[in-house]
Amino acid sequence: MTPVLPQGDHGALMDSVYRGQRHIYDATRKFFLFGRDRLIAQLDCREGMSVLELGCGDAARFNSLELFERTHFDRVVLSFALSMIPQWRQVITQALDVLAPGGSLHIVDFSDSKGLPMPLRKALLAWLDHFHVTPRLELGVEARGQAVRRGWQCQTNNGPACYYRLVKVTQPSN
């Protein structure tokens, strides 16, 4: 049984849920984190570019200057993290705030899996729920809304069977 912790102690909850999985994560992630390799291939990183990957720790509010001695990054990546973060909309805002001119935010996360047969879809959603993972069905709408408010571009694509969604928000160069 997964422990239930007080509201606001999300980091401790994630530590307790994933503590044991850290030993097998690298060997198993290819079997359920589909789309991550596709996201990485689309980053278009060149030598000298900066990349920030945000996870499910303190991603909703951090000071990049204090933590990384820089205020902006060429690429920001969120890979299967938003579905575990209660303040996921704030994380998108924070990620966009640290993009350098011409930079891009790349997100891959679980979608609604509506292309899977119903028994498999129900089993997948139950398994995700067991690990406190909630597909953010409004992810594309939220990312597009935040991009439009800034005058930036947003692209969204679903993976096979809508298992995952890819989102890319691009800031124009100055």
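These legends go with a set of close-up views of one predicted model.

**Figure 1. The whole protein, from end to end.** Let's start with the parts list: the protein has seven helices and five strands. Reading from the N terminus, the elements come in the order α-α-α-β-α-β-α-β-α-α-β-β. Of the 174 residues, 43% are buried. The accessible surface adds up to about 9,900 Å², and carbon and sulfur atoms own 53% of that. Now think about who touches whom: among contacts with a separation of 6 or more, 72% are between residues 24 or more positions apart.

**Figure 2. The five-stranded sheet.** In what order do the strands sit in the sheet? Going across, you meet E1-E2-E3-E5-E4, in an open sheet with mixed pairing. E1 and strand E4 (153–158) stand at the edges with a single partner strand each, so one side of each has no neighbour in the sheet. On average, neighbouring strands are turned by 15° against each other, if you ignore direction. As a bit of background, strands in a sheet pair through backbone hydrogen bonds, and the pairing can be parallel or antiparallel.

**Figure 3. A closer look at E3 and E5.** Strand E3 (residues 99–110) and strand E5 (residues 164–170) run antiparallel, and seven bridges join them. Want one bridge to look for? Find Phe110, whose bridge partner in E5 is Tyr164. Helix H5 also belongs in this view: H5 lies across E1, strand E2 (73–79), E3 and E5. Relative to E3, H5 runs at about 150°.

**Figure 4. Arg36 and Glu53, a salt bridge between distant parts of the chain.** The structure holds five salt bridges, and here is one of them: the side chains of Arg36 and Glu53 meet with N and O 3.0 Å apart. Arg36 belongs to helix H3 (residues 36–41) and Glu53 to strand E1, and the two are 17 residues apart. Is each partner buried or partly exposed? Arg36 counts as buried because its relative accessibility is 15%, and the cut-off for buried is under 20%. Glu53 has a relative accessible area of 45%, so Glu53 is partly exposed.

**Figure 5. Asp44 and Arg46, another salt bridge.** In this pair, the closest N and O atoms of Arg46 and Asp44 are 3.1 Å apart. Arg46 is exposed, with a relative accessible area of 51%, while Asp44 is partly exposed at 48% relative accessibility. The cut-off explains those labels: exposed means over 50%, so 51% makes it and 48% does not.

**Figure 6. Glu138, Arg89 and a small network.** Glu138 and Arg89 form a salt bridge, with their closest N and O atoms 3.9 Å apart. Glu138 sits in the loop between helix H6 (118–130) and helix H7 (139–150), and Arg89 sits in helix H5 (residues 88–97), so this pair ties together parts 49 residues apart in sequence. Both partners are partly exposed: Glu138 at 39% relative accessibility and Arg89 with a relative accessible area of 38%. Glu142 joins in too, as salt bridges with shared partners link Arg89, Glu138 and Glu142 into one network.

**Figure 7. Asn63 in its loop.** Look for Asn63 in the loop between strand E1 (51–54) and helix H4 (64–68). What does the side chain of Asn63 reach? The answer is the backbone nitrogen of Glu66, at 2.9 Å. Asn63 counts as partly exposed, at 34% relative accessibility. Gln94 is 31 residues from Asn63 in sequence, and their C-alpha atoms are 9.6 Å apart in space.

Definitions and conventions: Residues numbered from 1 in each chain as written. Predicted model: local features only at pLDDT ≥ 70, side-chain atom pairs only at ≥ 80, totals over all residues. Heavy atoms only, no water. Helix = DSSP H or I, 4+ residues; strand = E, 2+ residues; numbered from the N terminus. Buried < 20%, exposed > 50% of the residue type's maximum accessible area, 1.4 Å probe, protein only. Polar contact = N/O pair within 3.5 Å; in protein donor to acceptor, adjacent residues only side chain to side chain. Contact = heavy atoms within 4.5 Å. Areas by Shrake-Rupley, 256 points an atom, 1.4 Å probe, with all protein chains shown as cover. Salt bridge = Lys/Arg side-chain N within 4 Å of Asp/Glu carboxyl O. Pairing = 2+ DSSP bridges. Axes fitted to C-alpha atoms, helices over the stretch in contact; angles between N-to-C directions.
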